Amino acid sequence: MEGKEEDVRLGANRYSERQPIGTAAQGGGADEKDYKEPPPAPLFEAEELTSWSFYRAGIAEFLATFLFLYISVLTVMGVVGNPSGSKCGTVGIQGIAWSFGGMIFVLVYCTAGISGGHINPAVTFGLFLARKLSLTRAVFYMAMQCLGAICGAGVVKGFQTTLYQGNGGGANSVAPGYTKGDGLGAEIVGTFVLVYTVFSATDAKRSARDSHVPILAPLPIGFAVFLVHLATIPITGTGINPARSLGAAIIYNKKQAWDDHWIFWVGPFIGAALAAIYHVVVIRAIPFKSRD
């Protein structure tokens with residue numbers, strides 16, 4: 001009995017010496033952080049090119065973007081190609097939004113441990129600006145994402161050629177009644193929402209304080225995609241992903257798909273850059289930490 005009591009006292013003492021969860025991150029005055037800040041990724045890392053994990057990650061990005069385009073564009077075709085002419089007989093715009101957001105949720109969950117689950121050149125670009133990955137990996141990811149998107153849209157066209165060609169092919173364009181400036185603004189803000197959510201959901205500090213954050217990370221990311229689609233489908237069809245826009249444009253390959261195509265690269269990249277700057281400079285204040 002005395003031995004058990006001693007063990008209990010020792011356990012209580014050890015517990016009382018622990019720092020309360022999250023106090024360091026909340027500015028409690030402790031010198032030790034409750035998380036470990038990952039070091040900045042090098043601009044170019046030659047060793048990556050000889051690592052199988054590097055190519056495995058690229059393959060994961062290819063397959064994820066392929067599946068993303070296949071499911072999402074096929075859903076779009078089911079709505080716009082409804083023979084009855086009424087969207088009441090289909091999943092409608094809400095269903096399209098759920099298709100895009102749901103697939104991102106599933107695919108980020110499946111690939112986050114392999115490649116990070118970017119599935120979007122704008123996300124990759126934002127993370128590169130925040131020095132979360134090297135230029136080598138960023139370029140490789142973007143190439144594989146674009147290739148996967150082209151293949152995904154190509155399979156949809158192969159299944160439903162007439163329907164695909166006759167209903168816009170899921171290609172993005174600025175809708176009638178909106179200006180190119182409207183479309184560009186919608187893409188900038190929409191991508192900002194997405195990339196800001198990615199940074200917040202994968203933040204090292206939050207992961208350290210809340211053990212459930214890494215598990216739940218795909219959920220807010222997918223939900224952000226869903227919400228942005230609800231808001232911007234009527235304006236641009238919602239790009240916020242240059243690979244998605246490129247894949248559909250190349251396979252559809254008609255003038256209307258290329259007229260506004262630059263918007264779906266410039267807008268997402270500006271939005272991603274703004275989100276990266278906001279997270280690094282304002283939220284995390286990394287440039288100012290050396291002054292503390």
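**Helices, cores and one loop residue**

Trainee: What share of the area that the protein exposes do carbon and sulfur atoms supply?
Mentor: Keep in mind that this is a predicted model. The protein exposes about 14,800 Å². Of that area, carbon and sulfur atoms supply 64%.

Trainee: How many helices does the protein have?
Mentor: Read along the sequence, the pattern is α-α-α-α-α-α-α-α-α-α-α-α-α. There are zero strands. The count of helices is 13.

Trainee: What percentage of contacts between residues at least 6 apart in sequence join residues at least 24 apart?
Mentor: Start with burial: 46% of the 292 residues are buried. Now take the contacts between residues at least 6 apart in sequence. The part joining residues at least 24 apart is 77%.

Trainee: Which helix gives the most residues to the largest nonpolar core?
Mentor: This core has 53 residues, and Phe-68, Ile-104, Ile-119, Tyr-164, Leu-194 and Ile-221 touch the most other members. Elements giving two or more residues include H3 (92–111), H7 (180–201) and H10 (218–236). With nine residues, the top contributor is H2.

Trainee: Which residues is Phe-68 in contact with, leaving aside its neighbours within four places in sequence?
Mentor: Phe-68 is among the core members that touch the most others. Ile-104 and Ile-119 are in that group too, and both contact Phe-68. The full list is Phe-100, Met-103, Ile-104, Leu-107, Ile-119, Asn-241 and Arg-244.

Trainee: Are H11 and H13 roughly parallel or roughly antiparallel to each other?
Mentor: The axes of H11 (residues 242–252) and H13 (residues 263–283) come within 9 Å and cross at roughly 175°. Angles over 145 degrees count as roughly antiparallel. The two helices are therefore roughly antiparallel.

Trainee: How many nonpolar residues does the contact of H11 with H13 have?
Mentor: H11 brings Pro-242, Ser-245 and Leu-246. H13 brings Phe-264, Trp-265, Pro-268 and Phe-269. One residue is polar and none is charged. The nonpolar count is six.

Trainee: Is Gln-160 buried or partly exposed?
Mentor: Gln-160 is found in the loop between H5 (135–159) and H6 (161–166). Its relative accessible area is 28%. Buried means under 20%, so Gln-160 is partly exposed.

Trainee: What distance separates the C-alpha atoms of Gln-160 and Met-77?
Mentor: Leaving aside neighbours within four places in sequence, Gln-160 is in contact with Leu-74 and Met-77. Gln-160 and Met-77 are 83 residues apart along the chain. Their C-alpha atoms are separated by 8.7 Å.

Methods. Residues numbered from 1 in each chain as written. Predicted model: local features only at pLDDT ≥ 70, side-chain atom pairs only at ≥ 80, totals over all residues. Heavy atoms only, no water. Helix = DSSP H or I, 4+ residues; strand = E, 2+ residues; numbered from the N terminus. Buried < 20%, exposed > 50% of the residue type's maximum accessible area, 1.4 Å probe, protein only. Contact = heavy atoms within 4.5 Å. Areas by Shrake-Rupley, 256 points an atom, 1.4 Å probe, with all protein chains shown as cover. Axes fitted to C-alpha atoms, helices over the stretch in contact; angles between N-to-C directions. Parallel < 35°, antiparallel > 145°, perpendicular 65-115°, else oblique. Nonpolar A, V, L, I, M, F, W, Y, C, P; charged D, E, K, R; others polar. Core = buried A, V, L, I, M, F, W, Y, C linked by side-chain atoms within 4.5 Å.
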